[in-house]
Amino acid sequence: MRFVVRFRDRIGVAQDILGALSTRGIYLMASEVDQQHVYLDAPGVTHVELPAVVDALRSVPDVLEVEEVDLLPGARQRLHLEAILSAMADPVLAVDAHGVVTAASGLAQSVAGGAALVGRPLRELLDDAALHEELLGARFRVPAREVIFGGESFLLDASPIVEAPGAADGAPAGGVITLHAARRLGKRMTAIQAFASEGGFDAIIGTSPPIRALKARAARVAAVEAPLLVRGETGTGKELVAHACHSAGPRRDAPFLALNCAALPESLAESELFGYAPGAFTGAHRSGKPGLLELANNGTIFLDEVGEMSPYLQAKLLRFLNDGRFRRVGGDRELSVDVRVISATHRDLEAMVAARAFREDLFYRLNVVNLEVPPLRERGDDILLLAHHFLETASAQVQRPTRRLTPAAGTALLTDPWPGNVRQLHNVVFRAVTTSDRALLDVADLELAGSRVAAGRPGAEGAPASLQEALDQYERSLLERLYPLHPSTRRLAAALKTSHNAMAVRLRKYGIPARPGAPRRER
């Protein structure tokens, strides 16, 4: 039976309460005292005896109330602590001021092979006497470092347990050791990246035939474990496609980590991808560092702009693709990971292979399955769809009402060549939303470089002689731009929301398409 006695504070009241139980010969397994409560665990007291015990306790001067409880506070705290430790996804050890383990999570016990951990010193568990002494000397305030625990590599993070935070010396009563697995760190790195393709290919906006064909092919290759090469012009969204393939594949719950091969010098790109051993180079962390390949184990590594990779890194990547093994920079221990490689480039790799600027054997290892991301100029049906999406996101980002486009602005977007593809369209829309105070964005707000509209400004070279000529030039330019995207009179009329007959007249007027005969008509 467990119960709590609430009393009016005075010297000796707790002793009187315990004495009242002692005179009745009641055995106490545990007792806890705080400022105005005494918690008692008397397993020998039955429900039949309880009223008499309660009366005896209430007879003690200054006792106010006696109630039955399910657990003593200390036991409840221990249960909650065990539940917290069990719920943690990383091994956790609590140690005393001498570095001896006082508590361990179930996962730490499992990684250690089920061996008992409580009572063992850290130097024995981590097989690193120097680290043990450094933790004690630095009072458990040391930078994160790589350690081996249970035969596995972890990143150790230590925090002191300070018994009296206000004490002058701040001496800790011990420390909490958290061991982060590389795969867990990779998942966290993936979680904080700004990807929107959690739903797979649904995040790729577009309904044009080229995009529908891309999604259909990507859905098939996403389930394949072979290396994937994503090709396309700059700004087409190759990384978004790569992440969508990862999200739709069997490795969706594992990390997706990216490395831009063009953004880093060779030495830094090598250490980022493969990691480095302790003391590998000047300025390196003395405990070493895992690379993206280790952090992405069981997941996906995305190599953007792989065509910019140096010949040395090409050779090292080829070795990894051959057998899944590699060495850290400056290391002598071979590591093995299971990673799917997705690479991307805007370069003509076949021409680079012919010019001996890219390894032929690496090209064939990367190009097992491939995807071609179409440029924006080939997916005219998606331009306004993307523009409206970017209008909503940009307006929300700057905390303004959602902007809309005038018909003229929409037409200007449709006729622009978009050399920078989707990235350029996003930038144009974002700039217009942030710099204009108008609810309706017009052509001038878009600031389209090289826009055909600018050719009609007074004083411009080749300016039309009259308003009608300007209108004819603009109409011809628009139809020449849109006809390849909607290659029939009826489809083009539907896209521009006009009649089939009116569109046929305009196409004949301007000789579109530019070949003998009337425009092709749908039956």
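This note reviews selected features of a predicted model, from the overall fold to individual residues.

1. Overall composition. The model is predicted, and its secondary structure comes to 21 helices and 18 strands. The protein has 523 residues, of which buried residues make up 43%. Among contacts in the protein with a separation of 6 or more, 66% are between residues 24 or more positions apart.

2. Packing of α15 against α17. The axes of these two helices lie 9 Å apart and the helices pack at an angle of about 45°. That makes α15 oblique to α17, because an angle between 35 and 65 degrees falls outside the roughly parallel and roughly perpendicular ranges. The crossing of α15 and α17 is right-handed.

3. Residues at the α15 and α17 contact. From α15, the participants are I383, L386, A387, F390, L391, A394, S395 and Q397, and they meet V422, L425, H426, V429, F430 and V433 of α17. Sorted by class, this contact of α15 with α17 holds eleven nonpolar residues, three polar residues and no charged residues. As a general point, an α-helix has 3.6 residues a turn, so residues three or four places apart point the same way.

4. Packing of α15 against α16. Helix α15 also packs with α16: the two axes come within 9 Å and cross at roughly 120°. The two helices are therefore oblique to each other, and their crossing is right-handed. Here I383, L384 and A387 in α15 meet G410, L413 and L414 in α16. The residues of this contact divide into five nonpolar, one polar and no charged. Residues I383 and A387 of α15 appear in the contact with α16 and also in the contact with α17.

5. T415 in α16. T415 belongs to helix α16, which covers residues 407–415. With a relative accessible area of 4%, T415 is buried, because buried means under 20%. The side chain of T415 reaches the backbone oxygen of A412 at a distance of 3.2 Å.

6. Two residues with positive phi. Q399 is not a glycine, yet has a positive phi of about 60°. Q399 sits in the loop between α15 (383–397) and β17 (404–405) and counts as exposed at 74% relative accessibility. N421 likewise has a positive phi of about 60° without being a glycine. N421 lies in helix α17, residues 421–435, and at 0% relative accessibility it counts as buried. A reviewer may wish to look at both residues in the structure.

7. Helix α10 and its surroundings. Within α10 (residues 266–274), the residues A269, E270, S271, L273 and F274 are buried. What covers these buried residues of α10? The covering elements include the strands β11 (256–260), β12 (300–304) and β13 (325–327), together with the helices α11 (292–295) and α12 (311–323). After α10 comes G275, whose phi is positive, near 80°.

8. A108 in α4. Is A108 buried or exposed? At 0% relative accessibility, A108 counts as buried; its place is in helix α4, residues 106–111. Leaving aside residues up to four places away in sequence, A108 touches P91, V92, L93, L117 and F149. The C-alpha atoms of A108 and L93 are separated by 7.3 Å, and these two residues are 15 residues apart along the chain.

9. D90 and H180. D90 is found in the loop between α3 (73–87) and β5 (92–96). D90 is buried, with a relative accessible area of 4%. The side chains of D90 and H180 are joined by a polar contact of 3.3 Å.

10. A cis peptide bond. Which residues does a cis peptide bond join? The bond is the one between I512 and P513, with omega about 0°. P513 is found in the segment after α21 (500–510).

Conventions
Residues are numbered from 1 along each chain as its sequence is written. This is a predicted model: local features need pLDDT of at least 70, side-chain atom pairs count only at pLDDT 80 or more; totals for chains, interfaces and linings use all residues. Side-chain values use heavy atoms; hydrogens and water are left out. Helices (H or I, at least four residues) and strands (E, at least two) are DSSP runs, numbered from the N terminus. Buried means under 20% relative accessible area, exposed over 50%, partly exposed in between (1.4 Å probe, protein chains only). Contact means heavy atoms within 4.5 Å. A polar contact is a pair of N or O atoms within 3.5 Å; within protein, one must be able to donate a hydrogen and the other to accept it, and residues adjacent in sequence count only if both atoms are side-chain atoms. Axes are lines fitted to C-alpha atoms, for helices over the stretch in contact, and angles run from 0 to 180 degrees between N-to-C directions. Angles under 35 degrees count as roughly parallel, over 145 as roughly antiparallel, 65 to 115 as roughly perpendicular and the rest as oblique. A crossing is left-handed if the near helix is turned anticlockwise from the far one by less than a right angle, and right-handed if clockwise. Ala, Val, Leu, Ile, Met, Phe, Trp, Tyr, Cys and Pro count as nonpolar, Asp, Glu, Lys and Arg as charged, and the others, Gly among them, as polar.
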